[in-house]
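User: I should like to learn how to read a structural model, beginning with the cysteines and then turning to the ligand. Could you guide me through it?

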Amino acid sequence: MAIRSLETDYLVVGAGAMGMAFTDALVDHADAHVTLVDRRHAAGGHWQDAYPFVQLHQASVFYGVASTVLGTGAVQQQGPESGLQERARRSEIQNYYDDILHRRFIGSGRVTFLGGSEYHTDGTTHHVRSGVSGETTRVDVRRRVVDATYLSPTIPATTPPPFGVADSSRVVAINELARLADAPSSYVIVGSGKTATDGIVWLLANGVQPDRIVWVRPREPWMLNRAVVQPDPTVTLRLAADTMAAATDAESLDDLFLRLEAAGVMLRIDTGLVPTMAKTPTLGVWELDLLRTIENVVHLGHIKYVTAGEIVLEQGTVPLPSGSLVVHCAASGHQYPPLVPLWGPDKIRLQTIRAGFPCFCAALAGYVEATRDDDQERNRLCPPSNLPNSPPDWAKMQVRGNLATRRYGAEPDIAAWANRCALNPARIEPSQRDDPAVRAAATRLADVAETGLTRMAELAREQLTIGDED
Ligand SMILES: Cc1cc2nc3c(=O)[nH]c(=O)nc-3n(C[C@H](O)[C@H](O)[C@H](O)COP(=O)(O)OP(=O)(O)OC[C@H]3O[C@@H](n4cnc5c(N)ncnc54)[C@H](O)[C@@H]3O)c2cc1C
């Protein structure tokens, strides 16, 4: 097969949320050509294979790319989330990324998209092979290679269940729920995260009675109350102040989370158990009420294997009634690769910088790449943060994210850019700065910020300084 070649300034591998947000900010602030590669045929990454009833767990305005708001920024006027910001569904997210890719990126002539194509490198040369034509393209990169796959989440549709499955058992990814022709006698939902909670809420909304659902919940999760993660500076500042006040007084990590629960920030499903998992997706209180109607919860650790008649777990076995459907919601989602400098000698590895909000972080990296010319300085401004899995990780994320925010926020141009960027949850419109409620919340945060961060670092066993290259 012939090898053709193309030249580009930036080769961005991965057209998911991170690659799209980085590219968008880069082309907005630098005169550069980008070649965007993805083995999928469209932009949007994992959303292309998500279950049909998925929604963002957070407000739409916090997701997507910096140049173009996802959705309308409207507050929901009806339904159980009345008063909270709209959250996009799968089709809206897919359409949004399709529009950004084709109209804004390709239409500008500054971005080439190689879809359905696999990226390979031997460390020196970069190749992209089309799965359709079989043709390989050598990509000559004038400036940087950008790895926008470093945090790529695993999802049930593309990841096998993390347990054995006997041929005779019925185990499906959550996506299959929306394609069932015959209703099973019962549903066994496997997983403790957002995917599992989405599956249960959807089944209940479709008329499945709670006693037909078995929930295998190996770990108890802490989740964030969606009402406290809204694009409203009073709400955001109050959340930050509640978090730092709880940390200031916390005697232990568990005590920190219990204090946050008392403050209305954290939610847990079973108040008789102390969670050990803290990926902290947001959850509506109405969803929590529904989840608590499931009484048949299996707390016997992770599943080892499933047969036609039983589920064998780490700490015991439970029978599987005939006609049951086991629903795989147990892909890990977040990935936890080592934290490395974003700007490495070989490539840029996109990671989170502030706590959470991956789209904002990737856009920030794009802006900093475009506006600074020294990698040491870029890494100083954008130290990597971690995604959380457990309470200690969550506290570590708060510490690293807070310190990073202070670093990049001290640069006037970055602060001004971030304050215009709707993806940034900490943004405050100039017109809102003198609002008495905003000022009161800011004053309360200032009162507890230092003591809270110091104590949070102790609880997380994390340094109160972050290196430039750790
Ligand atoms: C169900 C779900 C809901 C979520 N909801 C929210 C939310 O509401 N708010 C929020 O902030 N975050 C949310 N997240 C998290 C957030 O979406 C992810 O952290 C983020 O989208 C990850 O995007 P990514 O670009 O890193 O990865 P991906 O979306 O996985 O994109 C990476 C892309 O790289 C491609 N790729 C990988 N290797 C190669 C290769 N060698 N060659 C070519 N292409 C390659 C893959 O095909 C993929 O398309 C959610 C995550 C999930 C799973």
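User: Is Cys421 buried or exposed?

Analyst: A residue is called buried under 20% relative accessible area, exposed over 50%, and partly exposed in between, with a 1.4 Å probe and protein chains only. Cys421 has a relative accessible area of 3%, so this residue is buried. Please note that this is a predicted model, in which local features need pLDDT of at least 70 and side-chain atom pairs count only at pLDDT 80 or more, whereas totals for chains, interfaces and linings use all residues. Residues are numbered from 1 along each chain as its sequence is written, and side-chain values use heavy atoms, with hydrogens and water left out.

User: Why does the sulfur of Cys421 form no bond with the closest cysteine sulfur?

Analyst: A disulfide is a pair of cysteine sulfur atoms within 2.5 Å. The closest cysteine sulfur to that of Cys421 belongs to Cys359 and is 9.7 Å away, which is too far for a bond.

User: How many disulfides does this rule give?

Analyst: The count is zero. Cys382, for example, takes part in no disulfide, and the nearest cysteine sulfur, in Cys361, lies 8.7 Å away. Cys382 is also buried, its relative accessible area being 0%.

User: Where does Pro384 lie?

Analyst: Helices (H or I, at least four residues) and strands (E, at least two) are DSSP runs, numbered from the N terminus. Pro384 belongs to the loop between helix 8 (375-381) and helix 9 (391-409). With a relative accessible area of 5%, Pro384 is buried. Its C-alpha atom is 6.1 Å from that of Leu339, although the two residues are 45 apart along the chain.

User: Which residues come nearest to the ligand?

Analyst: A residue is near a molecule if one of its heavy atoms lies within 4 Å of it. There are 26 residues around the ligand, of which Asp38, His46, His57, Tyr63 and Ser152 come nearest.

User: Which atoms of Glu118 and the ligand are 3.1 Å apart?

Analyst: A polar contact is a pair of N or O atoms within 3.5 Å. An N or O atom in the side chain of Glu118 is 3.1 Å from a nitrogen atom of the ligand. Backbone N or O atoms also approach oxygen atoms of the ligand: one of His57 at 2.8 Å, and one of Gln58 at 3.2 Å.

User: Which element gives the most to the shell around the ligand?

Analyst: Strand 6 gives the most, with three residues.

Methods:
A polar contact is a pair of N or O atoms within 3.5 Å; within protein, one must be able to donate a hydrogen and the other to accept it, and residues adjacent in sequence count only if both atoms are side-chain atoms.
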